[in-house]
Amino acid sequence: MTPLLETKGLQLSFGGVVAADNIDFALQRGERLAVIGQNGAGKTTFINICTGFLKPTAGRVFFDGHDVTDKLPRQIVRLGLGRSFQLPQLFLDHSVRQCLEIAAVGRSGQLPFFKSLSDAVDQHEINDTLHLVGLSARADEPTLALPEGQRKLLDIAMALMLQPKLLIMDEPTSGVASEDKMALMDTVMQALKEREVTSWFVEHDIDIVNRYATRVAAWIAGKVAADGSPAEVLALPQIQREILGHP
Amino acid sequence: MIRGLAWLGFLICFVLGLLFPWSKTPLIMAICYGMASLGVAIMMRAGQVSFGHALYAAIGAYCVAFTARSFPGLDGIILLVIGVIGSMLAGGVVGLFVVRYRGIFFGMLNLALSMVVFSMLGKLYNLTGGTDGLRINRPTFFNQTLERDAFETSLLLLSLLFAALLVWGVQRYFKSAAGEALAAIKSNETRLEYLGLSARRILWNAYLLSAALVGLSGAMFGLVQGLVTPDIGAWFRSGEYVFISILGGSGHAFGAFLGAGVFEAVKLFAAAYMTGVWQLILGVTLIIVILVAPDGIVGLLQKRRSSVGGQP
């Protein structure tokens, strides 16, 4: 079966720092991949290359059978690759509902000049998504009023409005209080399951990795150092030592 | 509330024009300033301030002058349409280039382009009449030959009609999907791209609209003054449009007209009673507005409305 996402010989350096070192990687449909690694290992760079934000110096990226290496982020998004960010990327002058409405028009690609934003989109779909991520009660509040956890949820919900085939989440629980992390991930994973979205998340919390991932890829110095089931990868001495910090 | 205020404002302008014939020209000028400033305010919604939009007023006005001189007897309405089309075409081409830049670079590029055109208008004497400009004979209006007073009354009515239509249409645009996406550029352009939307395309559309509005104001200026000079495209004119946009606020389409009304009134009375220091009065007015109402007069009105429990 053709992988949903595949990279071949991906390379990128920033000066002397090798951020992507000849990466061959494939993600199958239906997987829940957790990417682990220390800060600076090249996890976000890899996401940025796959989503078109950075161009590799060598290698190709394929998504759903298309070569997307030279495509712009919006062109890749249109093929079904959604993304959320380590720092939630919201529209700070808009309400929660308006953020989702803009995401909905983004999917359709239609930007009517005279039809109001709220009339241009299916409000049932907006309400469903708000309900799915537990933001119904705050729908009409400005995004600036949301706490960090809910900002993360809104960031993910905006990507979900695109009805992606794959959703890449860069550290969805960073900045969220530790007691709220599991609840946030429960909500997100339930939403992804209901919509049958393949997912890939970058995570530092190993409890979350163990609980939600079906596969783990460990990044060290711009390379995939280990790739397999959570039990296999997390038990490797190199991963224990270099990523988990065990002596 | 703002909509009601807009209707009231336009009605007052009309009544003033009828009661005091001398006020027709300043009123038309104020409305033209409002149209141009609305064009600038559109770009400000996306966080982009143009210091060179008077370029499109000049293009609109000179299109009217060239056409009127080449085709004498052409109706005033057709001249206005040609002025708008000319400025839109220029805006479409320049926009392809300037929407690639943001912030100070966007502002200064617009200024640089306007200064190039301003200089050319002054230097190409044989074509443009140089700094003396080009005279425009009073055209017919809806195929009617009108005397000066009737012509001004017609222009006042037409400019009020345009202003009302623009407030309605541009406000609808602000609230539309295209308008909200434009406002989203101000806070997060990266996210727009990751939602499948092209920020440059959205900005180009807005730029085209803003060029059309400023072009319309320039064409109206040309007709009401009967003379077009390079000053219409000068940097200080662009600065006045920015001044008015800030003064009125970009939160509602009527803000630009409100700002233009205050601007013209302050200028008129300061020039009459405090000759020599009228720029100082305008400067102090702007400082007060920035300190007291950073979102402009219309922002202040919306805030007051919200604070008493109503809808802005």
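**Notes on a predicted two-chain model**

1. A good place to start is helix 2 of chain B, residues 24–45: its 22 residues reach 31 Å from the first C-alpha to the last, close to the 32 Å expected at 1.5 Å a residue. Please keep in mind throughout that this is a predicted model. Helix 2 of chain B is largely enclosed by the rest of the structure, because 20 of its 22 residues are buried. Just after this helix, B:Gly47 has a positive phi of about 80 degrees.

2. Helix 3 of chain A makes a nice companion case. This helix has 13 residues and spans 19 Å between its first and last C-alpha atoms, close to the 18 Å expected at 1.5 Å a residue. Here too the helix is mostly covered, with 11 of its 13 residues buried. The buried stretch takes in A:Val96, A:Arg97, A:Gln98, A:Cys99, A:Leu100, A:Glu101, A:Ile102, A:Ala103, A:Ala104, A:Val105 and A:Gly106. You will see charged names in that list, so do read it with the backbone-based definition of burial in mind: the count is of C-beta atoms placed from the backbone. Just after the helix comes A:Gly109, with a positive phi of about 75 degrees.

3. What do the buried residues of helix 3 of chain A pack against? Within chain A, they pack against helix 4, helix 5 (123–132) and helix 6 (148–160), and from chain B they meet helix 8 (177–187).

4. That leads on to the contact between the chains, to which chain A gives 28 residues and chain B gives 22 residues. On the chain A side, the elements that supply two or more residues are helix 2 (73–79), helix 3 (96–108) and helix 4 (117–120). Helix 3 of chain A has the largest share of that side, at six residues. By type, the chain A side divides into 16 nonpolar, six polar and six charged residues.

5. The largest nonpolar core deserves a look as well. Of its 175 residues, those that touch the most other members are A:Ala157, B:Ala58, B:Ala61, B:Val64, B:Ala181 and B:Ile202. Helix 10 of chain B, residues 199–225, gives the most to this core, with 16 residues. From chain A, the core draws at least three residues from each of domain 1 and domain 2. For a closer view, take B:Ala58: leaving out residues up to four places away in sequence, B:Ala58 touches B:Val117, B:Leu121, B:Gly218, B:Pro230, B:Ile232 and B:Gly233.

6. Now for the domains of chain A. Domain 1 is made of 1–79 + 214–247, and domain 2 of 88–162 + 175–196. Taken over C-alpha atoms, the centres of these two domains of chain A are separated by 26 Å.

7. Two sets of strand pairings in chain A are worth following on screen. One is an open sheet of four strands, in the order 2-1-4-5, with antiparallel pairing. Strand 2 (17–27) and strand 5 (66–67) of chain A are its edge strands, each pairing on one side only. Strand 1 of chain A, residues 5–14, runs antiparallel to strand 2 of chain A and is joined to it by eight bridges. Among the bridge partners, A:Phe14 is matched with A:Val17 in strand 2.

8. The other set centres on strand 3 of chain A, residues 32–37, which is largely enclosed by the rest of the structure because five of its six residues are buried. Four bridges join strand 3 to strand 8 of chain A (residues 198–202), and these two run parallel. Strand 3 also pairs in the parallel sense with strand 9 of chain A (residues 215–220), over five bridges. A:Ala34 is a handy landmark: its bridge partner in strand 8 is A:Phe201, and in strand 9 A:Ala34 stands opposite A:Val216.

9. Finally, two loop residues of chain A. A:Pro88 lies in the loop between strand 6 (81–84) and helix 3. Is A:Pro88 buried or exposed? A:Pro88 is buried, because 22 other C-beta atoms lie within 10 Å and the cut-off is 20 or more. Leaving aside neighbours within four places in sequence, A:Pro88 is in contact with A:Arg151, A:Lys152, A:Leu154 and A:Asp155. A:Gln163 sits in the loop between helix 6 and strand 7 (166–170), and A:Gln163 is partly exposed, with 13 other C-beta atoms within 10 Å.

Key:
Residues numbered from 1 in each chain as written. Chains lettered and ligands numbered in written order. Predicted model: local features only at pLDDT ≥ 70, side-chain atom pairs only at ≥ 80, totals over all residues. Contact = placed C-beta atoms within 7 Å. Nonpolar A, V, L, I, M, F, W, Y, C, P; charged D, E, K, R; others polar. Expected span 1.5 Å × (residues − 1). Buried ≥ 20, exposed ≤ 12 C-beta atoms within 10 Å, placed from the backbone. Core = buried A, V, L, I, M, F, W, Y, C linked by C-beta atoms within 7 Å. Domains from an automatic or database assignment. Pairing = 2+ DSSP bridges.
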